[in-house]
Structure formats: C-alpha cells, structure tokens
Amino acid sequence: LVAQHSPSDGQICSSGTARELTVGVGRSIAHHGELLQGVFEGADGRLRRALLTLPYEQRNATATFWPDSGSSVRVRPVDRTKAAAAVVLTLAHIGLERRGGDLTLESAISVGHGYGSSTADVIAAIRAAASSAGAMLSRSTTASLAIRAEAASDALAYGDQPVLFAHREGTVLEHFGAEYPPLAVVGFRAGRTAIDTLRMPRARYSPPEIELFRVLRGLASRAMEDQDPALLGRVATISSQVSQRHLPKPGFEHLLQLAEETRACGIQVSHSGTVAGLVFDPQSNGVRRRLIQAAKLLHGAGFEDVTSFTVGAGGPL
Amino acid sequence: VTPPCLSRYLASYEMPRFAQLRPTLHAACFPLMKLLPARFMLDRAEASGQLDARGHIAETTSGSFGLALALLAAARGHELTLVTASGLIDPDFKHRLEFLGARLLVASDIGGTGGQGARLEMLKAVLAERPGTFWPHQYDNLDNALAYSRLAELIVRAIGRVDHLVGCVGSGGSLCGTAGFLRNLFPQMRVVAVDTHNSILFGHSPGKRLLRGLGNSILPANLKHELVDEVHWVGALPAFAQARALYRGQGIYAGPTSGAAARVAYWVADRHPETSVVVIFPDEGYRYQQTLYNDTWLDTVAGWPPRLTGGPRRVDRIAPGGEADWTYFNWRGRSLEEALADV
C-alpha cells in the first residue's frame, strides 16, 4: 500500500530547501477490543476483514521526537522498532528523506492483550514526526502510514470516530457518523496469556457468519445514528458469540449470564486478544449500582484487571 | 463476465423501497423480490463451481422466481430452461420469459394445484439430459434464505428495532431468512406468516388456490416452522381487495400477495400499537393487470366484492376456509408435526 499524497497533506515545501525540524509530540489513545469484527463487503463488492473498535481514551501512548543532524532514528524503549520505522516513513511522506533523531515512547497500555498497544505507539510516533515538521496529517494518511509500519493496524488513527476499518489495508469501509453513543464499560481480561496478534491464524468465517456480519454492520450504523447503547451492545454480543467459535474466551457462558444479571447492553471482546467488557447505558436506571455489582461479580469469578471507563458519557459516572 | 454497470443495475433492482403505512408500520416494497435470492444463488453456485460461466440453469417455477432467473441468465449469458404449469402461466408472462431467451416446458395442470409432481419429473429429465446443468432448487437451497441478510440489513438500517415481522410464505426463503437474522438481533421479535387456504405449508390438505405467489403444495426445506409465532390464511378475495386499496390509498401498485400481507400487517399494527411492525411486499402489480386490477375479470369471481370484515377469525383447528375467509392460528414456534399433533 502506498500512502496517499494530497496537497493539503503536509506537502508544504517540496522545493528541497532543508526544513527546520523542532521537537514534536504525538499521542494516541488505546482501544478496548472491538464492538464488531468480521468480514464485510467493500465498495467494489470484495470481502475484507474489518472491525469497529471500542475506544479507550483513559489509556494512551505519547511519543516525543527530538530531531538531530544525523540520518537515523533511535528509539527508546529499544524494542519499539515499528514506531521508529513509522517516523522514517512519515518524514519521507512529508518530503524529508534521511533525517534522524531520538524517539521516546511513554505508554500506559499493556502489551499483548488486545488494547492496541503496538498501533498506539505507531500512531503516536507518526503524529510526533508530523508535528516535528509542522505538518498536519489526515486520519486516512495516518492510518495508511501505520499499515506500512506494521502489517495490520488498529483503527486508532480515527480515535473516537466510529468507522468500520479494514485493518489489513488501513482503509475505511464505512463512516458511521460523528460519534459513539454514550457507553459505560466494565473492562477485564478473560485469559492471561499475551497474544502475538500478527502470528494468530486468521478466522475462516462460514457463509452464514459472513451474511450475519452484513446485518450487524447495518445495526451498528443504526445504533450510531440513534445514539443507542442498547443496539450497539447487541451488535457487540453477537459479534462476541461469533468470535467465540474462532478464538474462545474461557468463561464466556458465565459472562452472558453476568450481563443478563446486571442488565448490561452487551458483551464486547477483543477478537484477537484477552480483553473483554460489559457494556452499559450510562443513562439507564441504577447504572452506578449495576456497574459496581458487575465489577464485584467479575472479580469474584476470577477475571483479572477489572476496571471501568466511559465513552462519550461526559466524564466519570 | 457480467459488465459491472449491468450487474449494478440489477443489484439495485433487487432491493425494496420502504413505505410507511402507519407511524409504526413499515412495508419493504420489492419490485421483484425473487431477484435477491436468484442472484445470490447464482453467485454462490459460480463461486463453488456448480455453475460454469456460460452454463445451463434449469428450474421449476411458474412465478416471479422464473422471471428473476430469466433476467439474470440473459444479463450473465446463461442458458435457462423453466418448467411451468399450463394453468399458472398467461401468454404475456410467457412472452416476457421467452423474450429474455428462456426455454419454457409446460406441464399440464388439470387440477389447478400447480402440478408440482409432473413438473419435477420434467425437470429431472432435463437435468439427466444435460449434465452440468445447475438447478437452483429454491425450495430446498439454503442459500435462498441466506440471501435475505441484505433485506435484514436494510431493515435495521432504515428502521432499527423490529417487534413484529409479517410476510408471505411460498418457499419460506424470504420470511424465514429475514426472520432468522432479525430474531438473532431481537430475540423477542414475533414472526407472523401469511399463507392461503388449501396450501399445505401449515397443515391444510392441498387443493385449488385462486391466490397465487404464496402457499405451496409441497413442503420446502426453507420453511422453518419453529420461527413462526402466528399463521394467517388469507383467501384470494380479501387479498385482492387489500391490494386494490393499497394502490388507491398509498400509490403502491403491488401484487395480490402484498395485499394479503398488508391485510395481516395492518391488523397486527392495530393490535400492538406501541410496537414496530415490518411487512414484506414481494412484487409489483403489472403481472395482475388482467386479473385483480381488472373489474370485468373480478366480476367473474364468485363472491366478489367481498364483505369488509373487521379482522380474521381465530381458529383452534387447522382446516381450510373459502376464498372469502381470513383465519389465523397461534402457531407458537412449533414444528409442523407438533402443531398437527396438538390439534
């Protein structure tokens, strides 16, 4: 895939004059697995793997890029080589070849559980490099640079914008509108082993599953339009049930019971990790009490890292 | 290979428009619903190698499924043989199919029940004669029902939650396919099936049916009785009258099966005013200009005009009524065997 150039997209001085780089900072939020993941028809009629992410704004990664006169990019921590590669790709995209500097990543996102830690590093690094050059990158350019830096990318370039994101191409199959409906989530981890996402076998979906994804995509669109947490929760539960046939989460049946008991809108899971969550309508009756009840029950059932967070609910409950 | 512009036209033609009949009652109005499953079945057959690029297709049908296949076969360059019955095909429709290049084999149908047995034998002879022929087999091909994911998607995009789904049953594909997907999304949704007297689908013995395009004299695998909460048997007269009222009142020029479905859907919407009701209208009225939209023809139909009764008569025994009757039965998600054993 080739990053798309557009006139408004950082191509400010292509005349070869050495541009001054300054210290640049970039950030990216994490995600909390998916609300929907499967295969979906693109505009050309071909099927593509794609997902609708649950944003997790309370966890994020920050990248800082200090340019120097050299031509290589050093990175700390040293294992974040994809983020370093993303800086080189971003500078080249802007028209700055063979520039270097120091990239530092600070992240509060745990690795390997499906929070998108790797993509968050890459997105933050792209934004730090662009900021260093005084360039503004569109979300779509950021996403396609991220795909070039890592083979598959999460939808984090789109932040809190709901999109159906083809994570192997870095393109958007559908824009679902301005924002997610307000959600309150009790998150946890189902299973403890960290997963190397890129080494997982790809799910082979059956024809009935593929047709079901089509309907779920329609319901997701309606849920965004109506700002309806209940409909979106239903999308997430059914997507989790399909995922259960491909990457089973231990204790899933128990989770379905817990969701019913606490009157959650649904269950969402990371389709390629261990993260999962119960999704609630933050405006529903007794939601604070039910969130606490859910957290206690999950903790009691042995699920780890139980936390709660909100999406678009106007702050903590 | 189908030119993309052509396939895009047919892809758009296979989808319905929505009509809001009441604040909570929406109708999905298809110009030719059968295009949706026909296209999907051909796509899947091509993908799995059951149908070659210029391969031969054969099916037994006297209805709009044949027209859908004929449109697709012509556009995609397939040969098509349709087996039909003498009592069920008028000269205009026959000409439309033949204009598209379809070869018609007509079985005689003296009893007026559709001659399914004789037609099946003729079809099997065609299949034996031409190896490699693809038989879509709409009654038993599960891709028929699967095709309706597109309708389910469109309904949830346009309307959101659905509490009652009302639709006719012939092959079972449209109602059970759509209901299967929507029930997964909305587990409380009620499914209301519309059939006609003397159709065996929900336990009547086979007999002559004046209302065509729904009902059946054989049992298709695509009918999942367990999905159905309530069955209505609508006679031809109330179906014709309702179709005419739809045209005059709403500008919806639809076939008689849409009339039957609308009759039931209005009644369901009246009984459950706070719920969201969706009804499927399978085709347009052009094929019926010389029948239900023709007053001279209607005057020859015994019992026309029907008395406009308020609603259906609930029955506890499964038995056919006359063409003026409209009855219903609480099916309650039972299999055919269970329901028949219980009554």
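A crossing of two helices is left-handed if the near helix is turned anticlockwise from the far one by less than a right angle, and right-handed if it is turned clockwise. In this predicted model, the crossing of helices α2 and α3 of chain A is right-handed. The contact involves A:Val122, A:Ile123, A:Ile126 and A:Arg127 from α2(A), together with A:Thr142, A:Leu145, A:Ala146 and A:Ala149 from α3(A). Sorted by class, six residues of this contact are nonpolar, one is polar and one is charged. Helix α2(A) covers residues 117–132 and α3(A) residues 139–149; their axes come within 10 Å and cross at roughly 120°. Because of that angle, α2(A) is oblique to α3(A).

These helices belong to a chain that holds seven helices and 10 strands. Chain A has 317 residues, of which 56% count as buried. Among the contacts of chain A between residues at least 6 apart in sequence, 74% join residues at least 24 apart.

Helix α6 of chain A, residues 252–261, shows how burial is distributed around a helix axis. Its buried residues are A:Phe252, A:Leu255, A:Leu258 and A:Ala259. Viewed down the axis of α6(A), these buried residues fall within an arc of 105°, so they line one face of the helix. On the other side of α6(A), the residues A:Glu253, A:Gln257 and A:Glu260 are exposed. The buried residues of α6(A) pack against elements of chain A that include the strands β7 (183–189), β8 (266–269) and β9 (275–280). Helices α5 (229–244) and α7 (287–300) of chain A are also packed against by the buried residues of α6(A). After α6(A) comes A:Arg263, which has a positive phi, near 50°.

A second helix pair is found in chain B. The axes of α7(B), residues 149–158, and α8(B), residues 173–185, come within 8 Å and cross at roughly 45°. This angle makes α7(B) oblique to α8(B), and the crossing of the two helices is right-handed. On the α7(B) side, B:Ser149, B:Leu151, B:Ala152, B:Ile155 and B:Val156 take part; they meet B:Thr178, B:Phe181, B:Leu182 and B:Leu185 of α8(B). The contact of α7(B) with α8(B) comprises seven nonpolar residues, two polar residues and no charged ones.

The backbone also deserves attention. Most residues other than glycine have a negative phi, and most peptide bonds are trans. Against that background, the peptide bond from A:Arg76 to A:Pro77 is cis, with omega near -10°. A:Pro77 is placed in the loop between β3 (73–76) and α1 (81–94) of chain A. In chain B, the peptide bond from B:Trp304 to B:Pro305 is cis, with omega near -5°, and B:Pro305 is located in the loop between α11 (295–299) and β10 (313–314).

Positive phi values occur in loops of both chains. Although not a glycine, A:Arg98 has a positive phi of about 50°. This residue lies between α1 and β4 (100–107) of chain A, in the intervening loop. The relative accessibility of A:Arg98 is 71%, so it counts as exposed, the threshold for that class being over 50%. In chain B, B:Arg332 is likewise not a glycine and has a positive phi of about 60°. Its position is in the loop between β11 (326–330) and α12 (336–342) of chain B. With a relative accessibility of 58%, B:Arg332 counts as exposed.

Key:
Residues are numbered from 1 along each chain as its sequence is written. Chains are lettered from A and ligands numbered from 1 in the order in which they are written. This is a predicted model: local features need pLDDT of at least 70, side-chain atom pairs count only at pLDDT 80 or more; totals for chains, interfaces and linings use all residues. Side-chain values use heavy atoms; hydrogens and water are left out. Axes are lines fitted to C-alpha atoms, for helices over the stretch in contact, and angles run from 0 to 180 degrees between N-to-C directions. Helices (H or I, at least four residues) and strands (E, at least two) are DSSP runs, numbered from the N terminus. Angles under 35 degrees count as roughly parallel, over 145 as roughly antiparallel, 65 to 115 as roughly perpendicular and the rest as oblique. Contact means heavy atoms within 4.5 Å. Ala, Val, Leu, Ile, Met, Phe, Trp, Tyr, Cys and Pro count as nonpolar, Asp, Glu, Lys and Arg as charged, and the others, Gly among them, as polar. Buried means under 20% relative accessible area, exposed over 50%, partly exposed in between (1.4 Å probe, protein chains only). The arc is that of the directions from the helix axis to the C-beta atoms.
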